[in-house]
Amino acid sequence: GFVREQVCFYMCPYARFQAVMFDKETLVPTYDYTRGEGENGRAHLGRELKTREDRTTKGHGDCIDCGLCVQVCPTGIDIRNGLQIGCINCGLCIDACDEIMDKQGWPRGLVRYASELEIETKQKPHIFKPKSIGYGIAILVVTALLVYGIFTQAKMDFSVAQVRSPLAVMMSDGRVQNSYEIKINNKLIRPLRLDISLNDLPKGELEIAGSNKEIVVPTDGYTTLLVRVKQPMTTRGAQQTFKFVLSDKDGELPPTSMSTTFNMPR
Ligand code: SF4
Ligand code: SF4
């Protein structure tokens with residue numbers, strides 16, 4: 001889009017995580033400057049710089065400064081300038097450089113997954129160190145929590161919003177009516193047939209608005225109900241807490257309840 005690689009630099013959290021977790025033994029796409037630069041730096045493929053031997057004699061490394069690794073980089077990084085925060089570890093610069101090395105008939109890996117320490121000392125990084133074991137344990141714990149969350153999530157949930165205009169209506173029979181909008185989510189792979197009832201409102205009477213009094217929530221979907229609750233007038237301005245209870249008619253799910261309030265007119 002319009003902002004392009006600026007998203008990678010400033011908005012994507014991946015780079016920030018990488019910066020925190022990074023150390024000298026972290027494997028990342030890396031330019032091997034010890035091989036690429038030589039004593040006199042990188043150089044184009046000139047007339048007398050076509051073979052590795054000629055280049056070594058003249059103090060140049062294997063980087064022919066073709067710029068392909070920069071051209072393919074989605075965030076516009078020149079990997080030869082070292083690790084940068086915008087690198088998304090896509091590895092495109094590695095493939096591009098390997099292609100150039102293949103064409104030259106030189107060994108691959110001028111740009112490769114390597115650690116800073118490996119480039120400096122030529123030693124392979126230690127994989128099993130306290131930091132990586134700690135990260136491994138943290139990833140296992142988070143994965144276990146995620147799996148636990150998926151398998152134990154409620155198969156049905158609902159929310160209740162009281163209709164506030166008007167909050168309470170005085171009926172001709174002397175009772176007071178409050179209305180509620182109830183949104184029910186069904187996460188089962190079958191339609192959910194439900195009963196609705198009141199708890200802690202002994203004199204309350206419940207009515208589902210509209211002609212369809214059956215509550216059927218479609219598979220993996222939701223439905224919204226408007227319900228009215230009526231009960232005799234008590235003290236003006238009084239509030240009473242009660243619960244809506246939803247019960248699965250097929251008996252698979254336990255009843256689920258949600259608290260709300262009944263308001264008398266002021
Ligand atoms: S091409 Fe990919 S791996 Fe290479 S520097 Fe750019 S973002 Fe990083
Ligand atoms: S692709 Fe390889 S040879 Fe070409 S500029 Fe990049 S590092 Fe150098």
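Mentor: Before we start, a helix here is a DSSP run of H or I with at least four residues, and helices are numbered from the N terminus. Keep in mind, too, that this is a predicted model.

Trainee: Got it. How many cavities of 30 Å³ or more does a search of the whole structure find?

Mentor: General idea to begin with: rolling a probe the size of a water molecule over the atoms shows where empty space is left. In this case the search turns up two cavities of 30 Å³ or more. The largest cavity holds about 100 Å³ of space, and its lining is made of 15 residues, with C63, C66, C69, C97 and L110 closest to the centre.

Trainee: Which helices each supply at least two residues of that lining in the largest cavity?

Mentor: That would be α5 (68–72) and α6 (92–104). Of these, α6 provides the largest share, four residues.

Trainee: And how do the residues of the lining of the largest cavity split by class?

Mentor: Sort them into nonpolar, polar and charged, then count. Here you get twelve nonpolar, one polar and two charged residues.

Trainee: On to the other one. What volume does the second largest cavity have?

Mentor: About 80 Å³. Its lining is P29, C73, T75, I77, I79, C87, I88, N89, C90, G91, L92 and C93. By class, that makes nine nonpolar, three polar and no charged residues.

Trainee: So where does ligand 1 sit?

Mentor: A cavity is worked out from the protein atoms alone, so a ligand can turn up inside one. That's the case here: the space taken by ligand 1 is the second largest cavity. Around ligand 1 there are 13 residues, and C73, C87, C90, G91 and C93 come nearest. The shell has ten nonpolar, three polar and no charged residues.

Trainee: Now the pockets. Which residues lie closest to the centre of the largest pocket?

Mentor: A pocket, unlike a cavity, is an open set of points. The largest pocket here comes to about 380 Å³. It is lined by 17 residues, and E25, T26, L27, K129 and S132 are the closest to its centre. Both α2 (13–21) and α8 (130–152) supply at least two lining residues, with α8 giving the largest share, four. Class by class, the lining of the largest pocket has eight nonpolar, five polar and four charged residues.

Trainee: Which element gives the most to the lining of the second largest pocket?

Mentor: There you look to a strand: β1 contributes four residues. Both β1 (28–31) and α7 (116–121) supply at least two residues to that lining. The second largest pocket has a volume of about 210 Å³, and of its 17 lining residues T30, Y31, G82, L83 and E116 lie nearest the centre. The lining divides into nine nonpolar, five polar and three charged residues.

Trainee: Last one. Which residues touch the most other members of the largest nonpolar core?

Mentor: The idea is to link buried nonpolar residues through side-chain atoms within 4.5 Å, then ask who has the most partners. In this model the largest nonpolar core has 24 residues, and I184 and F244 touch the most other members. Strands that each supply at least two residues of this core are β3 (156–162), β5 (175–186), β6 (192–199), β8 (215–217), β9 (222–232) and β10 (239–248). The largest share, four residues, comes from β5.

Methods
Residues are numbered from 1 along each chain as its sequence is written. Chains are lettered from A and ligands numbered from 1 in the order in which they are written. This is a predicted model: local features need pLDDT of at least 70, side-chain atom pairs count only at pLDDT 80 or more; totals for chains, interfaces and linings use all residues. Side-chain values use heavy atoms; hydrogens and water are left out. On a 1 Å grid over the protein atoms alone, a cavity is a set of points where a 1.4 Å probe fits but cannot get out, and a pocket is an open set with protein on both sides within 12 Å along at least five of seven lines; lining residues have an atom within 4 Å of a point. Grid points are joined across faces, edges and corners, and a volume is the space filled by probe spheres set on the points. Ala, Val, Leu, Ile, Met, Phe, Trp, Tyr, Cys and Pro count as nonpolar, Asp, Glu, Lys and Arg as charged, and the others, Gly among them, as polar. A residue is near a molecule or strand if one of its heavy atoms lies within 4 Å of it. A molecule sits in a cavity or pocket if more than half of its atoms lie within 2 Å of its grid points. Buried means under 20% relative accessible area, exposed over 50%, partly exposed in between (1.4 Å probe, protein chains only).
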